[in-house]
Amino acid sequence: MWGRQREASMMYKRTSSRDRSSTFDVEETTALVQNGTEVENTNPSWKLSFPHVLVATLSSFLFGYHLGVVNEPLESISLDLGFNGNTLAEGLVVSMCLGGAFIGSTLSGWIADGVGRRRAFQLCALPMIIGASISATTRNLIGMLLGRFVVGTGMGLGPTVAALYVTESPHWLYKKGRTAEAEAEFEKLLGGSHVKSSLAELSKLDRGDDGDIVKFEELLYGRHFRVVFIGSTLFALQQLSGINAIFYFSSSVFKSAGLSSGLANVFVGIANLLGSVVAMVLMDKLGRKALLQWSFFSMAVSMAIQVAASSSYIPGSASLYLSVGGMLMFVLTFALGAGPVPSLLLPEIFPSRIRAKAMAVCMSVHWVINFFVGLLFLRLLEQLGPQLLYSIFGTFCLMAVAFVKRNVVETKGKSLQEIEIALLPQE
């Protein structure tokens, strides 16, 4: 998570001092020196951007809260609203917010480009407040579904806007011609010694742009198709791994194993937090691609443990330990790479001109797959059984390993220009 949030200074973090100095024209560098400003070759202090990043993490908190809030009380909700035992209705309560999230994420890029990152970031809280109020006061299934759908629109808008907010707010101001405001924001985020060089970098990045209008067809059929395909497939495989089936229904799974659902949720949360902390440390050391590969591979191993646990050949106590251990290992290894890396990687591989709208397309794919996983998991678990279902999830994890190895480029230590040359066909 922190690796993604440090994108506030990504144009420095991904470029060595030698690369940065080569990106400026001789005239630009001379002008900076003549104006009494030295070209700063050190990275800006993270302390300056930390308060802004901390605010952006509220989106992730609300995102996770509304996704998992029905996990524990789902059984009570089904009893109160009269659909207990109907697995399809239970799946709808879980996944209806994901349908709303699809709508929100589809519009997020256009909203962020239209009203700005900060204002869009503020707007995403409104449907969450309204939807939560509807869900809290309803007395029937329809009202619950409506409330969850409204909450979902804010959930879909939030992650995309938050990612753009911590990487490109000054850039958005610059593209809108509000250079003085962009300069002021750079000074807040990076410090006064980095302002001039930041604006010079933005100037160079924007020279090849044809304007701000990006047509939808350009993302699907034009020269940017490959990067959009990579981003969309990463998010699809992330969801097809079965991770959110674990988050949504871990209480049900642990209850069937004879364990307290409250205790189960605590262990799942600890595993997720621990993996995220380790990922924060390893992200810039091992690189994005290596973390993704090892994360998906370890998740496949975890699913194999789950399959073994559901086998009739394993005695009861051993089956219990394998089931719980496999699930916690799955969550831990997901948080090490497959969870945080795609959201960090995508803003790095998308050119600035298409970044907001390309992120919206990829997040829409994420929510569609997420919706169907949440809707159908309990029903498939009943009809297919845990062995076959977990085998399917494990197969998708292995497919993700192969896809990452073949298609994903390492972005650690590379400049924006180097990434663009590696991924985009040259015109």
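**Exercise 1. Overall make-up**

What percentage of the 427 residues of the protein chain count as buried? Describe the chain as a whole before turning to its parts.

*Solution.* Begin with the nature of the model, which is predicted. Of the 427 residues of the protein chain, 52% count as buried. Next, take the secondary structure, which comes to 22 helices and zero strands. Then turn to the surface, where the chain exposes about 18,700 Å², with carbon and sulfur atoms supplying 64% of that area. Finally, consider the contacts between residues at least 6 apart in sequence, of which 83% join residues at least 24 apart.

**Exercise 2. Confidence along the chain**

Find where in the protein chain confidence is lowest and where it is highest.

*Solution.* Start from the average, a pLDDT of 77 for the protein chain, with 75% of the residues scoring at least 70. Then compare the helices: confidence is lowest in helix α3 (residues 17-23), at a mean of 38, and highest in α21, at 93. The next step is to look at residues 1-40, over which pLDDT stays under 50, although the model has 84 contacts beyond four places in sequence for them. Where pLDDT is low, the predicted coordinates should not be read in detail.

**Exercise 3. A nonpolar patch on the surface**

Work out which helix gives the largest share of the nonpolar patch, and classify leucine 376 by its accessibility.

*Solution.* First list the members, which are Phe102, Ile103, Leu107, Phe149, Val368, Phe372, Leu376, Leu380, Leu384, Leu388 and Ile392, with about 830 Å² of accessible area together. Two or more of these residues come from each of α7 (87-115), α20 (355-384) and α21 (386-407). The largest share, five residues, is given by α20. Leucine 376 lies in this helix, α20, and it counts as partly exposed because its relative accessibility is 33%, a value between the cut-offs of 20% and 50%.

**Exercise 4. Covered helix and buried serines**

Determine how many of the nine residues of helix α19 (residues 341-349) are buried, and then state which residues serine 95 and serine 78 contact.

*Solution.* Helix α19 is mostly covered, with nine of its nine residues buried; among them are Pro342, Ser343, Pro347 and Glu348. Moving to helix α7, we find serine 95, which is buried because its relative accessible area is 0%. Setting aside neighbours within four places in sequence, serine 95 is in contact with Phe371, Gly374 and Leu375. In helix α6 (residues 74-81) there is serine 78, which is buried with a relative accessible area of 0%. Not counting residues up to four places away in sequence, serine 78 touches Phe83, Asn84 and Glu90.

**Exercise 5. Cysteines and a pair distant in sequence**

How many disulfides does the structure hold, and what separation do the C-alpha atoms of threonine 57 and alanine 162 have?

*Solution.* A disulfide is a covalent bond between the sulfur atoms of two cysteines. The structure holds zero disulfides. Cysteine 124 is buried, with a relative accessible area of 5%, and cysteine 362 is buried with a value of 0%. For the second part, locate threonine 57 in helix α5 (residues 46-68), where it counts as partly exposed because its relative accessibility is 22%. Although threonine 57 and alanine 162 are 105 residues apart along the chain, their C-alpha atoms are separated by 7.8 Å.

Note on methods: Residues numbered from 1 in each chain as written. Predicted model: local features only at pLDDT ≥ 70, side-chain atom pairs only at ≥ 80, totals over all residues. Heavy atoms only, no water. Patch = residues over 30% accessible without salt bridge, like charges linked within 9 Å, V, L, I, M, F, W, Y side chains within 5 Å. Areas by Shrake-Rupley, 256 points an atom, 1.4 Å probe, with all protein chains shown as cover. Salt bridge = Lys/Arg side-chain N within 4 Å of Asp/Glu carboxyl O. Helix = DSSP H or I, 4+ residues; strand = E, 2+ residues; numbered from the N terminus. Buried < 20%, exposed > 50% of the residue type's maximum accessible area, 1.4 Å probe, protein only. Contact = heavy atoms within 4.5 Å. Disulfide = S-S within 2.5 Å. pLDDT = per-residue confidence, 0-100.
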